[in-house]
Amino acid sequence: MKIGIDTFGCDHGRSGLGSYLQSLVAALPADSDIHYELFGAEMDRYTYNSETESTFFAVNVPDSLGAERFWHQYLFNKFCRKRSYDAVLFPAVVRNMSLKLKVPGIAVVNDVISALIRSGTDSWLKKLLKKGLKNADCIIAASNYIKQDLIRLGIAAEKISVIYNGIDHSFFFQRPFLDTGSGIVDVKPFAIKRPYFIYPSRTQGPSKKHIELITAFQKFKQKTQLPHRLVLAGSDGPYAEEVKQAALKSSAASDIFLTGYFPHESLPFLYSGAEACVFPSVYEGVGLPVLEAMASGIPVACSSSGSLPEISGGNAAFFDSDNTDEIEAALERIVLDKAFREKLIKDGTEWVSRFSWKTTAAETLKLIKRYAER
């Protein structure tokens, strides 16, 4: 059996979709009867490499979303016939997928598509819903919240399977902070002074609630007079300038640190040195940073909307992301209420132990095989 894995749309490994694909490929079980072949841009030949015996086929397509979508619509099926795929996995379905599949297609949805449609930034998504996802043989939803969203948009429930993202526990685990007296967390290429809150998220748009968090942090500083900092760790997105301006205009500007793109290999150290992970994003379908923070042994404060209550198992300090007083109160309680803080850490560590990429990959492969063998 030959399984094609589409790497287009995964931002060359520098986004949540890219991280998902890297982790999934690394955990795919070796099977003498299965050959995995990744395909995409030549520059990604070694981006998603792993110990799994897989090959990579470079496709000569310009590095632009428009060119990639053209290729998927008009050349993809011919490509699949030539490569003799028995099934194809689309990890970045909201970016790229053929609307008329002639090979079994399994689409992975890690986003709340209704929220993307409401944002009005990509009209192609409506076509994707009408044709692409409805023509896909199977859809993997990363949470029940995403599944229910797809059902409300008209996707048949019976073709949707929920498979949660995993956590690499050899990468994200509780690391003791060795205080040399400086209180500095040295995470190349940065040196960040503790104590600090971390919000790891790309500045994608208003729904990420960076500006509301900056306002709440300013209130926290004014009310408590504590030395905490706020670290906004994530690549610049379309909303980056608005977030930077809000940080600069804040009275707590000197304690707000925007890192831009943060190397994935350094994230565990950034988590482990943090006072807490704050995740105010709404319409979140996966919320993987919540699990990464729990696995790293720090408490989580997050939005009460989207999939976050489901993903966190209720083991977080929840708030209304539009209410900056509630966000401030959550930060304050995590810092000042020692018993509450310790409970969040203990319960979060126990909860996150059930998530693994090995399980995610095994369930994903089982689903692919089911449709490839039909």
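A residue counts as buried when its relative accessible area is under 20%. With that cut-off in hand, let's walk through this structure, which is a predicted model.

Cys302 is a good place to start: its relative accessible area is 0%, so Cys302 is buried. Cys277 also has a relative accessible area of 0%, and is therefore buried. What is the distance from the sulfur of Cys277 to the nearest cysteine sulfur? That nearest sulfur belongs to Cys302 and lies 8.3 Å away. Seen from the other side, the nearest cysteine sulfur to Cys302 is that of Cys277. A disulfide needs two cysteine sulfur atoms within 2.5 Å, and neither Cys277 nor Cys302 takes part in one. If you widen the search to the whole structure, the count of disulfides is zero.

Now let's move on to Ser250. Where does this residue sit? You will find Ser250 in the loop that runs between helix α8 (240-249) and strand β12 (256-260). Is Ser250 buried or exposed? Its relative accessible area is 8%, which means that Ser250 is buried, since the cut-off is under 20%.

The side chain of Ser250 has polar partners worth a look. One is the side chain of Gln218, joined to that of Ser250 by a polar contact of 2.9 Å. Another is the backbone nitrogen of Ala252, which the Ser250 side chain reaches at 3.0 Å. Setting aside neighbours within four places in sequence, Ser250 is in contact with Ile214, Gln218 and Ile256. Gln218 thus appears both in this list of contacts and as a side-chain polar partner of Ser250, while Ile256 falls within the span of β12 (256-260).

Definitions and conventions:
Residues numbered from 1 in each chain as written. Predicted model: local features only at pLDDT ≥ 70, side-chain atom pairs only at ≥ 80, totals over all residues. Heavy atoms only, no water. Buried < 20%, exposed > 50% of the residue type's maximum accessible area, 1.4 Å probe, protein only. Helix = DSSP H or I, 4+ residues; strand = E, 2+ residues; numbered from the N terminus. Polar contact = N/O pair within 3.5 Å; in protein donor to acceptor, adjacent residues only side chain to side chain. Contact = heavy atoms within 4.5 Å.
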